[in-house]
Amino acid sequence: MSFRTRLGLLVAASVAVAVLAVLGVMLWIARSEARSAIDEQLEERAHVLVTADGRFRQSVGIRAFGKHVPYDVLVQVIGPKGTVRYISDDVIPVSRGDLEVALGHAKTHSADVATDTVRLRVLTVSLGPRGALMVARPLSEFDHYAHGVREALAVVAIAGVALAGLLGFLVAGRAMGPVRRLTAAAQNVAQTQDLDQPIEPERDDELGELARSFNAMLEALALSRAQQQRLVTDAGHELRTPLTSIRTNIELLSRAEATQDSDGAAAVLDSNERRRMLDDVQFELDQLTELVGELVELASDQRAQGEPTPVDLVDIAASVVDRHRRRAEVDFVTDFESCEVVVNVALVERAISNLIDNALKWSPPGEPIEISVAHREGLAIVLVRDRGPGIDPALREVVFERFYRAPESRSQPGSGLGLSIVDYVARTHEGSAAVIDTEGPGATVELRLPLAERD
(Lines give C-alpha, C1' and ligand atoms only; values in the text may rest on other atoms or scores of the structure.)
Protein backbone atom coordinates (compact mmCIF):
# COMPACT_ATOMS: atom_id res chain seq x y z
CA MET A 1 0.00 0.00 0.00
CA SER A 2 1.44 3.37 -1.02
CA PHE A 3 2.03 6.20 1.42
CA ARG A 4 -0.55 8.30 -0.43
CA THR A 5 -3.16 5.59 0.05
CA ARG A 6 -2.31 5.22 3.75
CA LEU A 7 -2.45 8.97 4.23
CA GLY A 8 -5.78 9.19 2.40
CA LEU A 9 -7.25 6.38 4.48
CA LEU A 10 -5.99 8.01 7.66
CA VAL A 11 -7.58 11.35 6.76
CA ALA A 12 -10.80 9.61 5.72
CA ALA A 13 -10.92 7.58 8.93
CA SER A 14 -10.29 10.67 11.05
CA VAL A 15 -13.04 12.65 9.34
CA ALA A 16 -15.39 9.64 9.46
CA VAL A 17 -14.87 9.25 13.21
CA ALA A 18 -15.54 12.97 13.68
CA VAL A 19 -18.70 12.80 11.51
CA LEU A 20 -20.01 9.75 13.35
CA ALA A 21 -19.30 11.35 16.72
CA VAL A 22 -21.15 14.54 15.73
CA LEU A 23 -24.09 12.59 14.35
CA GLY A 24 -24.22 10.45 17.47
CA VAL A 25 -24.36 13.55 19.63
CA MET A 26 -27.07 15.01 17.40
CA LEU A 27 -29.12 11.79 17.69
CA TRP A 28 -28.76 11.82 21.47
CA ILE A 29 -29.81 15.48 21.64
CA ALA A 30 -32.83 14.85 19.37
CA ARG A 31 -33.99 11.90 21.46
CA SER A 32 -33.47 13.84 24.67
CA GLU A 33 -35.44 16.82 23.37
CA ALA A 34 -38.32 14.59 22.21
CA ARG A 35 -38.42 12.73 25.51
CA SER A 36 -38.29 16.02 27.44
CA ALA A 37 -41.27 17.29 25.41
CA ILE A 38 -43.26 14.15 26.35
CA ASP A 39 -42.30 14.52 30.03
CA GLU A 40 -43.33 18.19 30.01
CA GLN A 41 -46.70 17.26 28.48
CA LEU A 42 -47.29 14.58 31.10
CA GLU A 43 -46.33 16.99 33.89
CA GLU A 44 -48.77 19.56 32.49
CA ARG A 45 -51.61 17.02 32.32
CA ALA A 46 -50.87 15.77 35.82
CA HIS A 47 -50.90 19.33 37.11
CA VAL A 48 -54.37 19.92 35.59
CA LEU A 49 -55.72 16.82 37.31
CA VAL A 50 -54.04 17.47 40.66
CA THR A 51 -55.34 21.03 40.82
CA ALA A 52 -58.89 19.65 40.37
CA ASP A 53 -58.50 17.75 43.63
CA GLY A 54 -60.99 20.07 45.38
CA ARG A 55 -63.77 18.83 43.11
CA PHE A 56 -63.22 15.18 44.06
CA ARG A 57 -65.36 13.46 46.66
CA GLN A 58 -63.97 10.79 48.97
CA SER A 59 -64.94 8.08 46.49
CA VAL A 60 -63.19 8.87 43.26
CA GLY A 61 -65.08 7.69 40.17
CA ILE A 62 -65.12 8.32 36.49
CA ARG A 63 -67.80 11.05 36.75
CA ALA A 64 -65.73 12.94 39.27
CA PHE A 65 -63.17 13.84 36.66
CA GLY A 66 -65.60 14.84 33.96
CA LYS A 67 -64.20 17.35 31.49
CA HIS A 68 -60.99 17.72 33.48
CA VAL A 69 -59.66 14.40 32.13
CA PRO A 70 -57.29 15.14 29.19
CA TYR A 71 -58.05 12.79 26.33
CA ASP A 72 -54.52 12.80 24.81
CA VAL A 73 -53.15 10.83 27.79
CA LEU A 74 -54.15 7.76 29.74
CA VAL A 75 -55.13 8.39 33.35
CA GLN A 76 -55.15 5.99 36.25
CA VAL A 77 -55.61 6.47 40.01
CA ILE A 78 -54.25 3.89 42.43
CA GLY A 79 -54.81 3.60 46.17
CA PRO A 80 -52.10 3.33 48.81
CA LYS A 81 -52.09 -0.44 48.41
CA GLY A 82 -51.82 -0.30 44.62
CA THR A 83 -55.48 -1.02 43.86
CA VAL A 84 -56.74 0.67 40.74
CA ARG A 85 -59.46 3.12 41.67
CA TYR A 86 -59.94 4.82 38.34
CA ILE A 87 -58.87 4.27 34.70
CA SER A 88 -59.60 6.38 31.68
CA ASP A 89 -59.01 3.59 29.16
CA ASP A 90 -56.67 0.59 29.49
CA VAL A 91 -55.03 -0.41 32.73
CA ILE A 92 -51.52 0.93 33.20
CA PRO A 93 -49.11 -1.58 34.80
CA VAL A 94 -48.19 -0.56 38.34
CA SER A 95 -44.51 -0.83 39.26
CA ARG A 96 -42.75 -0.73 42.62
CA GLY A 97 -41.83 2.90 42.01
CA ASP A 98 -45.50 3.76 41.54
CA LEU A 99 -46.37 2.02 44.83
CA GLU A 100 -43.67 4.06 46.60
CA VAL A 101 -45.41 7.24 45.40
CA ALA A 102 -48.89 5.88 46.42
CA LEU A 103 -47.56 5.09 49.91
CA GLY A 104 -46.17 8.62 50.21
CA HIS A 105 -42.52 7.51 50.19
CA ALA A 106 -41.79 9.51 47.01
CA LYS A 107 -43.27 12.53 45.31
CA THR A 108 -43.01 11.49 41.65
CA HIS A 109 -41.86 8.59 39.53
CA SER A 110 -41.42 8.30 35.77
CA ALA A 111 -40.50 5.32 33.63
CA ASP A 112 -40.99 3.62 30.26
CA VAL A 113 -43.47 0.77 30.53
CA ALA A 114 -44.09 -1.91 27.92
CA THR A 115 -47.54 -3.47 27.57
CA ASP A 116 -48.67 -6.20 25.26
CA THR A 117 -49.53 -3.75 22.49
CA VAL A 118 -47.64 -0.49 23.08
CA ARG A 119 -44.80 1.20 24.94
CA LEU A 120 -45.87 3.92 27.39
CA ARG A 121 -44.16 6.81 29.11
CA VAL A 122 -45.68 6.93 32.61
CA LEU A 123 -45.55 9.74 35.17
CA THR A 124 -46.82 9.05 38.69
CA VAL A 125 -47.50 11.90 41.15
CA SER A 126 -48.71 11.73 44.73
CA LEU A 127 -52.34 12.48 45.74
CA GLY A 128 -51.53 12.42 49.42
CA PRO A 129 -53.35 9.86 51.57
CA ARG A 130 -55.66 8.90 48.69
CA GLY A 131 -52.83 7.27 46.68
CA ALA A 132 -51.26 8.37 43.41
CA LEU A 133 -52.21 9.69 40.00
CA MET A 134 -50.69 8.01 36.95
CA VAL A 135 -50.70 9.70 33.55
CA ALA A 136 -49.25 7.94 30.49
CA ARG A 137 -48.72 8.53 26.81
CA PRO A 138 -47.81 6.02 24.11
CA LEU A 139 -44.23 6.25 22.78
CA SER A 140 -45.21 5.22 19.27
CA GLU A 141 -44.84 8.74 17.94
CA PHE A 142 -41.53 9.14 19.74
CA ASP A 143 -40.23 5.82 18.39
CA HIS A 144 -41.30 6.75 14.88
CA TYR A 145 -39.56 10.11 15.23
CA ALA A 146 -36.38 8.52 16.61
CA HIS A 147 -36.35 5.95 13.81
CA GLY A 148 -36.69 8.68 11.20
CA VAL A 149 -33.88 10.67 12.78
CA ARG A 150 -31.64 7.59 12.81
CA GLU A 151 -32.30 6.91 9.14
CA ALA A 152 -31.64 10.51 8.19
CA LEU A 153 -28.43 10.62 10.20
CA ALA A 154 -27.33 7.28 8.72
CA VAL A 155 -27.71 8.73 5.22
CA VAL A 156 -25.78 11.82 6.28
CA ALA A 157 -23.10 9.61 7.88
CA ILE A 158 -22.65 7.52 4.73
CA ALA A 159 -22.44 10.63 2.57
CA GLY A 160 -20.04 12.27 5.04
CA VAL A 161 -17.74 9.25 5.15
CA ALA A 162 -17.72 9.01 1.36
CA LEU A 163 -16.96 12.71 1.06
CA ALA A 164 -14.28 12.37 3.74
CA GLY A 165 -12.63 9.56 1.79
CA LEU A 166 -12.64 11.63 -1.41
CA LEU A 167 -11.25 14.68 0.37
CA GLY A 168 -8.69 12.47 2.12
CA PHE A 169 -7.30 11.19 -1.16
CA LEU A 170 -7.32 14.70 -2.67
CA VAL A 171 -5.48 16.11 0.33
CA ALA A 172 -3.02 13.21 0.30
CA GLY A 173 -2.35 13.72 -3.41
CA ARG A 174 -1.72 17.42 -2.92
CA ALA A 175 0.47 16.81 0.12
CA MET A 176 2.53 14.22 -1.76
CA GLY A 177 3.28 16.62 -4.64
CA PRO A 178 6.52 18.02 -3.11
CA VAL A 179 7.54 14.51 -2.03
CA ARG A 180 7.12 13.26 -5.61
CA ARG A 181 9.26 16.13 -6.86
CA LEU A 182 11.95 15.29 -4.32
CA THR A 183 11.79 11.64 -5.37
CA ALA A 184 12.12 12.55 -9.03
CA ALA A 185 15.05 14.85 -8.27
CA ALA A 186 16.81 12.16 -6.22
CA GLN A 187 16.31 9.59 -8.99
CA ASN A 188 17.61 12.06 -11.58
CA VAL A 189 20.71 12.75 -9.47
CA ALA A 190 21.30 9.01 -9.06
CA GLN A 191 21.01 8.44 -12.83
CA THR A 192 22.88 11.47 -14.16
CA GLN A 193 25.34 12.04 -11.24
CA ASP A 194 24.62 15.75 -11.74
CA LEU A 195 24.59 17.40 -8.32
CA ASP A 196 23.78 20.87 -9.66
CA GLN A 197 19.99 20.34 -9.59
CA PRO A 198 18.60 22.17 -6.57
CA ILE A 199 14.88 22.10 -5.80
CA GLU A 200 13.17 25.43 -5.32
CA PRO A 201 11.43 25.33 -1.90
CA GLU A 202 7.86 26.56 -2.49
CA ARG A 203 6.60 26.22 1.08
CA ASP A 204 7.53 27.28 4.59
CA ASP A 205 6.32 24.10 6.31
CA GLU A 206 8.01 20.76 6.98
CA LEU A 207 7.99 19.84 3.27
CA GLY A 208 9.73 23.10 2.44
CA GLU A 209 12.29 22.30 5.13
CA LEU A 210 12.74 18.88 3.53
CA ALA A 211 13.46 20.53 0.17
CA ARG A 212 16.02 22.85 1.78
CA SER A 213 17.65 19.89 3.52
CA PHE A 214 17.82 18.08 0.17
CA ASN A 215 19.50 21.11 -1.39
CA ALA A 216 21.97 21.27 1.51
CA MET A 217 22.75 17.58 0.96
CA LEU A 218 23.39 18.21 -2.74
CA GLU A 219 25.72 21.11 -1.88
CA ALA A 220 27.61 18.94 0.61
CA LEU A 221 27.93 16.15 -1.95
CA ALA A 222 29.11 18.58 -4.62
CA LEU A 223 31.71 20.03 -2.23
CA SER A 224 32.86 16.55 -1.26
CA ARG A 225 33.21 15.54 -4.91
CA ALA A 226 35.19 18.69 -5.67
CA GLN A 227 37.48 18.01 -2.71
CA GLN A 228 37.98 14.41 -3.84
CA GLN A 229 38.81 15.49 -7.37
CA ARG A 230 41.24 18.07 -6.02
CA LEU A 231 42.81 15.48 -3.72
CA VAL A 232 43.23 13.02 -6.60
CA THR A 233 44.73 15.69 -8.84
CA ASP A 234 47.12 17.00 -6.19
CA ALA A 235 48.04 13.51 -5.06
CA GLY A 236 48.80 12.46 -8.62
CA HIS A 237 51.09 15.45 -9.03
CA GLU A 238 52.86 14.83 -5.72
CA LEU A 239 53.26 11.11 -6.37
CA ARG A 240 54.68 11.67 -9.84
CA THR A 241 57.77 13.51 -8.56
CA PRO A 242 59.21 10.82 -6.23
CA LEU A 243 58.23 8.05 -8.63
CA THR A 244 60.04 9.78 -11.50
CA SER A 245 63.16 10.29 -9.36
CA ILE A 246 63.13 6.66 -8.21
CA ARG A 247 62.64 5.40 -11.77
CA THR A 248 65.49 7.56 -13.12
CA ASN A 249 67.96 6.44 -10.45
CA ILE A 250 67.03 2.77 -10.83
CA GLU A 251 67.39 2.99 -14.63
CA LEU A 252 70.86 4.52 -14.25
CA LEU A 253 71.90 1.83 -11.79
CA SER A 254 70.49 -0.89 -14.08
CA ARG A 255 72.26 0.57 -17.12
CA ALA A 256 75.55 0.67 -15.23
CA GLU A 257 75.16 -2.95 -14.12
CA ALA A 258 74.23 -4.05 -17.65
CA THR A 259 77.29 -2.30 -19.13
CA GLN A 260 79.62 -3.96 -16.63
CA ASP A 261 78.14 -7.43 -17.22
CA SER A 262 78.27 -7.23 -21.02
CA ASP A 263 81.93 -6.26 -21.61
CA GLY A 264 83.55 -6.71 -18.23
CA ALA A 265 84.58 -3.07 -18.28
CA ALA A 266 84.89 -1.01 -15.16
CA ALA A 267 81.70 0.17 -13.58
CA VAL A 268 80.31 3.28 -15.11
CA LEU A 269 79.45 4.64 -11.66
CA ASP A 270 81.97 4.98 -8.87
CA SER A 271 81.11 3.95 -5.34
CA ASN A 272 80.35 7.48 -4.13
CA GLU A 273 78.00 8.23 -6.99
CA ARG A 274 76.37 4.85 -6.58
CA ARG A 275 75.86 5.48 -2.85
CA ARG A 276 74.42 8.91 -3.60
CA MET A 277 71.90 7.44 -6.04
CA LEU A 278 70.89 4.74 -3.55
CA ASP A 279 70.46 7.38 -0.86
CA ASP A 280 68.26 9.36 -3.24
CA VAL A 281 66.14 6.28 -3.88
CA GLN A 282 65.85 5.62 -0.14
CA PHE A 283 64.90 9.25 0.50
CA GLU A 284 62.26 9.24 -2.22
CA LEU A 285 60.86 5.94 -0.94
CA ASP A 286 60.57 7.41 2.55
CA GLN A 287 58.83 10.44 1.09
CA LEU A 288 56.52 8.22 -0.92
CA THR A 289 55.69 6.07 2.12
CA GLU A 290 54.86 9.13 4.20
CA LEU A 291 52.79 10.64 1.40
CA VAL A 292 50.78 7.44 0.91
CA GLY A 293 50.17 7.24 4.64
CA GLU A 294 48.92 10.82 4.73
CA LEU A 295 46.67 10.22 1.72
CA VAL A 296 45.17 7.12 3.32
CA GLU A 297 44.56 9.16 6.48
CA LEU A 298 42.71 11.84 4.52
CA ALA A 299 40.71 9.43 2.37
CA SER A 300 39.72 6.94 5.08
CA ASP A 301 36.35 6.96 6.79
CA GLN A 302 37.00 8.76 10.05
CA ARG A 303 33.96 7.14 11.65
CA ALA A 304 35.80 3.81 11.50
CA GLN A 305 38.25 5.16 14.08
CA GLY A 306 35.58 5.27 16.76
CA GLU A 307 32.94 7.58 18.13
CA PRO A 308 33.78 10.79 20.04
CA THR A 309 34.34 10.09 23.73
CA PRO A 310 34.82 12.36 26.78
CA VAL A 311 38.51 12.63 27.63
CA ASP A 312 40.96 15.03 29.24
CA LEU A 313 42.94 16.70 26.47
CA VAL A 314 46.00 16.70 28.74
CA ASP A 315 46.06 12.88 28.64
CA ILE A 316 46.18 12.91 24.82
CA ALA A 317 48.85 15.61 24.65
CA ALA A 318 51.02 13.94 27.32
CA SER A 319 50.85 10.59 25.53
CA VAL A 320 51.94 12.17 22.21
CA VAL A 321 54.79 14.09 23.88
CA ASP A 322 56.05 10.91 25.57
CA ARG A 323 56.22 9.11 22.23
CA HIS A 324 58.22 11.95 20.67
CA ARG A 325 60.57 12.11 23.65
CA ARG A 326 61.56 8.49 23.04
CA ARG A 327 62.20 9.11 19.35
CA ALA A 328 63.87 12.53 19.34
CA GLU A 329 66.63 13.94 21.52
CA VAL A 330 64.83 17.24 22.04
CA ASP A 331 63.83 19.05 25.20
CA PHE A 332 60.03 19.33 25.43
CA VAL A 333 58.67 22.06 27.72
CA THR A 334 55.07 21.38 28.72
CA ASP A 335 52.44 23.44 30.52
CA PHE A 336 49.23 21.45 30.85
CA GLU A 337 45.87 22.54 32.27
CA SER A 338 43.07 19.99 32.55
CA CYS A 339 40.51 20.38 29.74
CA GLU A 340 37.66 17.92 29.25
CA VAL A 341 36.64 17.50 25.61
CA VAL A 342 34.50 15.09 23.60
CA VAL A 343 36.64 14.04 20.63
CA ASN A 344 37.79 11.21 18.44
CA VAL A 345 40.95 10.34 20.36
CA ALA A 346 42.84 8.85 17.40
CA LEU A 347 42.25 11.93 15.24
CA VAL A 348 43.28 14.42 17.93
CA GLU A 349 46.42 12.37 18.69
CA ARG A 350 47.31 12.54 15.01
CA ALA A 351 46.72 16.31 14.90
CA ILE A 352 48.92 17.02 17.96
CA SER A 353 51.57 14.65 16.64
CA ASN A 354 51.60 16.51 13.30
CA LEU A 355 52.04 19.83 15.14
CA ILE A 356 55.03 18.44 17.04
CA ASP A 357 56.52 16.91 13.85
CA ASN A 358 56.21 20.27 12.14
CA ALA A 359 57.94 21.99 15.06
CA LEU A 360 60.75 19.39 15.11
CA LYS A 361 61.31 19.93 11.39
CA TRP A 362 61.97 23.66 11.81
CA SER A 363 63.50 23.81 15.30
CA PRO A 364 67.28 24.35 15.41
CA PRO A 365 69.34 21.70 17.22
CA GLY A 366 69.39 22.14 20.98
CA GLU A 367 66.32 24.40 21.08
CA PRO A 368 63.27 23.26 23.09
CA ILE A 369 59.78 22.59 21.79
CA GLU A 370 57.03 24.19 23.89
CA ILE A 371 53.64 22.48 24.20
CA SER A 372 50.81 23.89 26.30
CA VAL A 373 47.18 22.95 26.93
CA ALA A 374 44.76 25.49 28.46
CA HIS A 375 41.12 26.46 28.32
CA ARG A 376 39.65 29.87 27.55
CA GLU A 377 36.15 31.07 26.64
CA GLY A 378 34.69 27.58 26.28
CA LEU A 379 37.59 26.29 24.18
CA ALA A 380 40.46 23.91 24.84
CA ILE A 381 43.61 25.35 23.24
CA VAL A 382 46.76 23.43 22.30
CA LEU A 383 49.81 25.58 21.47
CA VAL A 384 53.00 24.16 19.91
CA ARG A 385 55.96 26.51 19.49
CA ASP A 386 59.37 26.04 17.90
CA ARG A 387 62.43 28.29 17.75
CA GLY A 388 62.89 28.14 14.00
CA PRO A 389 62.72 30.86 11.33
CA GLY A 390 58.96 31.33 11.78
CA ILE A 391 56.21 31.62 9.18
CA ASP A 392 55.72 34.63 6.96
CA PRO A 393 52.40 36.36 7.95
CA ALA A 394 51.39 36.30 4.28
CA LEU A 395 51.61 32.49 4.30
CA ARG A 396 49.71 31.80 7.54
CA GLU A 397 46.55 30.81 5.69
CA VAL A 398 48.04 28.76 2.86
CA VAL A 399 50.18 26.56 5.12
CA PHE A 400 47.02 24.62 5.99
CA GLU A 401 46.26 23.83 2.35
CA ARG A 402 46.92 20.33 1.07
CA PHE A 403 50.39 19.70 -0.39
CA TYR A 404 51.52 23.26 0.24
CA ARG A 405 55.22 23.50 1.01
CA ALA A 406 57.19 26.70 1.46
CA PRO A 407 60.03 27.23 -1.02
CA GLU A 408 62.67 26.84 1.69
CA SER A 409 61.17 23.46 2.75
CA ARG A 410 61.25 21.77 -0.63
CA SER A 411 64.57 20.09 0.17
CA GLN A 412 63.35 18.79 3.52
CA PRO A 413 61.32 15.61 4.05
CA GLY A 414 57.57 15.99 4.25
CA SER A 415 54.39 15.55 2.22
CA GLY A 416 52.80 18.95 2.69
CA LEU A 417 49.79 17.30 4.33
CA GLY A 418 50.68 17.54 8.02
CA LEU A 419 49.08 20.91 8.82
CA SER A 420 46.17 20.27 6.45
CA ILE A 421 45.32 17.19 8.54
CA VAL A 422 45.50 19.35 11.68
CA ASP A 423 43.04 21.78 10.12
CA TYR A 424 40.80 18.92 9.01
CA VAL A 425 40.73 17.38 12.49
CA ALA A 426 39.91 20.78 14.02
CA ARG A 427 37.03 21.41 11.64
CA THR A 428 35.74 17.87 12.16
CA HIS A 429 35.35 18.70 15.87
CA GLU A 430 33.90 22.19 15.17
CA GLY A 431 37.17 23.80 16.14
CA SER A 432 39.91 25.65 14.27
CA ALA A 433 43.64 25.73 13.60
CA ALA A 434 45.77 28.83 13.03
CA VAL A 435 49.27 30.27 13.11
CA ILE A 436 49.39 32.97 15.81
CA ASP A 437 51.79 35.76 16.58
CA THR A 438 54.90 34.77 18.52
CA GLU A 439 57.16 36.95 20.63
CA GLY A 440 60.71 36.26 19.57
CA PRO A 441 61.94 33.72 17.03
CA GLY A 442 59.99 30.71 15.90
CA ALA A 443 56.38 29.93 15.06
CA THR A 444 53.37 28.99 17.20
CA VAL A 445 50.54 26.89 15.81
CA GLU A 446 47.25 26.79 17.70
CA LEU A 447 44.64 24.01 17.76
CA ARG A 448 41.23 24.92 19.25
CA LEU A 449 38.61 22.38 20.28
CA PRO A 450 35.27 22.96 22.06
CA LEU A 451 35.15 22.05 25.73
CA ALA A 452 32.70 19.35 26.81
CA GLU A 453 29.33 20.72 27.86
CA ARG A 454 28.60 20.38 31.56
CA ASP A 455 25.17 19.76 33.08
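**Exercise 1. Locate E430 and describe its backbone and its exposure.**

The place of E430 is in the loop between helix 9 (418-428) and strand 11 (432-436), where helices (H or I, at least four residues) and strands (E, at least two) are DSSP runs numbered from the N terminus. This is a predicted model, in which local features need pLDDT of at least 70 and side-chain atom pairs count only at pLDDT 80 or more, while totals for chains, interfaces and linings use all residues. Residues are numbered from 1 along each chain as its sequence is written, and side-chain values use heavy atoms, with hydrogens and water left out.

Step 1: although E430 is not a glycine, its phi is positive, at about 60 degrees.
Step 2: E430 has a relative accessible area of 70% and is therefore exposed, given that buried means under 20% relative accessible area, exposed over 50%, and partly exposed in between (1.4 Å probe, protein chains only).
Step 3: in helix 9 itself, the buried residues are L419, S420, I421, V422, D423, V425 and A426.

**Exercise 2. Describe E377 in the way used for E430.**

Step 1: E377 is found in the loop between strand 9 (369-376) and strand 10 (379-385).
Step 2: E377 is not a glycine, yet its phi is positive, at about 55 degrees.
Step 3: E377 counts as exposed because its relative accessibility is 75%.

**Exercise 3. Work out how strand 3 and strand 4 are arranged.**

Step 1: strand 3 (residues 108-114) and strand 4 (residues 119-126) pair in the antiparallel sense over 7 bridges, where two strands pair if DSSP finds at least two bridges between them.
Step 2: the two strands form a hairpin, with 4 residues between them.
Step 3: within this pairing, A111 stands opposite V122 in strand 4.

**Exercise 4. Follow helix 8 into the largest nonpolar core.**

Step 1: helix 8 (residues 345-362) has 18 residues and reaches 26 Å from its first C-alpha to its last, close to the 26 Å expected at 1.5 Å a residue; the expected span is 1.5 Å times one less than the number of residues.
Step 2: the buried residues of helix 8 include L347, V348, A351, I352, L355, I356 and A359, and also the polar-named positions S353, N354 and N358.
Step 3: the largest nonpolar core has 36 residues, and those with the most contacts inside it are L313, V348, I352 and L447; such a core is a set of buried Ala, Val, Leu, Ile, Met, Phe, Trp, Tyr and Cys residues joined through side-chain atoms within 4.5 Å.
Step 4: helix 8 gives the largest share of this core, 7 residues.
Step 5: L313 touches C339, V341, V348, I352, V373, A380, V382 and L449, leaving aside residues up to four places away in sequence, with contact meaning heavy atoms within 4.5 Å.
Step 6: apart from this core lies another, of 16 residues, among them L49, V73, V125 and L127.

**Exercise 5. Decide where the model deserves caution.**

Step 1: the protein chain averages a pLDDT of 78, and 83% of the residues score at least 70; pLDDT is the predictor's confidence in each residue, from 0 to 100.
Step 2: among the elements of the chain, strand 10 has the highest mean pLDDT (93) and helix 2 (residues 62-65) the lowest (37).
Step 3: over residues 54-69 pLDDT stays under 50, and for this stretch the model has 20 contacts beyond four places in sequence.
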